[in-house]
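Please take a moment to look over the sequence and the model, and then follow the paragraphs below from one part of the chain to the next.

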Amino acid sequence: MSLYTTRDETGVLIVAFTDASGLNDFRNTPMRDSLFELVQDRPEPRAALDMRKIDYLSSSGVAILVGLKRKIETQEGKIALFGLQPPVHDLLKVMKLDRYFTIVDDEAQAVSQLQPTPSA
């Protein structure tokens, strides 16, 4: 069973987690590696993470999200999180990671935030 699904929405990779346990399992390096591979070959990757099914975040889950953000940003990309459950949002606030991540309410806002700015 896959721990997430993916699809492309106007150039933005939508990653929807299907189960909190996969993201939060410190032994799940294959999932972390597969997430990193999703963005590795994309120039200026733009990823929106659907967090609606994530009802808690362990230190391992936080580490995966931070690592993914770093990987994306080293490639001049952007990442946004949406659909956060209150406990997850509160945890990110306490850790001051709400300043580190772009956090929006829904997928439409995430896609909008991640669209490249047209050059004149």
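In this predicted model, a useful place to begin is Glu 44, which, once its neighbours within four places in sequence are set aside, is in contact with Gln 75, Glu 76 and Gly 77. Glu 44 lies in the loop that runs between helix 2 and strand 3, and the separation between its C-alpha atom and that of Thr 74 is 8.9 Å, although these two residues are 30 residues apart along the chain. Is Glu 44 buried, partly exposed or exposed? Its relative accessibility is 45%, and Glu 44 therefore counts as partly exposed, because that class covers the values between 20% and 50%.

Following the chain into strand 3, we come to Asp 50, whose surroundings can be compared with those just described. Asp 50 has a relative accessible area of 6% and is therefore buried, since the limit for that class is under 20%. The side chain of Asp 50 is joined to the side chain of Arg 52 by a polar contact of 2.5 Å, while, leaving aside neighbours within four places in sequence, Asp 50 is also in contact with Val 15, Ala 16, Phe 17 and Phe 82.

One of those residues, Ala 16, leads us to strand 2, where it stands opposite Thr 5. Strand 1, which covers residues 4-9, runs antiparallel to strand 2, and six bridges join the two. These strands form a hairpin with two residues between them, and in this hairpin Thr 10 takes a positive phi near 50°.

Another of the contacts of Asp 50, Phe 17, brings us to the interior of the model. In soluble globular proteins, nonpolar side chains tend to be buried together. Here the largest nonpolar core has 29 residues, of which Phe 17, Leu 49 and Met 51 touch the most other members. The elements that give two or more residues to this core include strand 2 (12-17), helix 2 (29-40), strand 3 (46-50) and helix 3 (59-74), and the largest share, six residues, comes from helix 3.

Which residues does Met 51 touch, if those up to four places away in sequence are not counted? They are Phe 17, Leu 23, Leu 65, Leu 81, Phe 82, Gly 83, Leu 84 and Gln 85. There is also a second, separate core of nine residues, and among them are Val 12, Phe 82, Val 104 and Val 111. Phe 82 thus belongs to this second core, and Phe 82 is also touched by Met 51 and in contact with Asp 50.

Technical notes:
Residues are numbered from 1 along each chain as its sequence is written. This is a predicted model: local features need pLDDT of at least 70, side-chain atom pairs count only at pLDDT 80 or more; totals for chains, interfaces and linings use all residues. Side-chain values use heavy atoms; hydrogens and water are left out. A nonpolar core is a set of buried Ala, Val, Leu, Ile, Met, Phe, Trp, Tyr and Cys residues joined through side-chain atoms within 4.5 Å. Buried means under 20% relative accessible area, exposed over 50%, partly exposed in between (1.4 Å probe, protein chains only). Helices (H or I, at least four residues) and strands (E, at least two) are DSSP runs, numbered from the N terminus. Contact means heavy atoms within 4.5 Å. A polar contact is a pair of N or O atoms within 3.5 Å; within protein, one must be able to donate a hydrogen and the other to accept it, and residues adjacent in sequence count only if both atoms are side-chain atoms. Two strands pair if DSSP finds at least two bridges between them.
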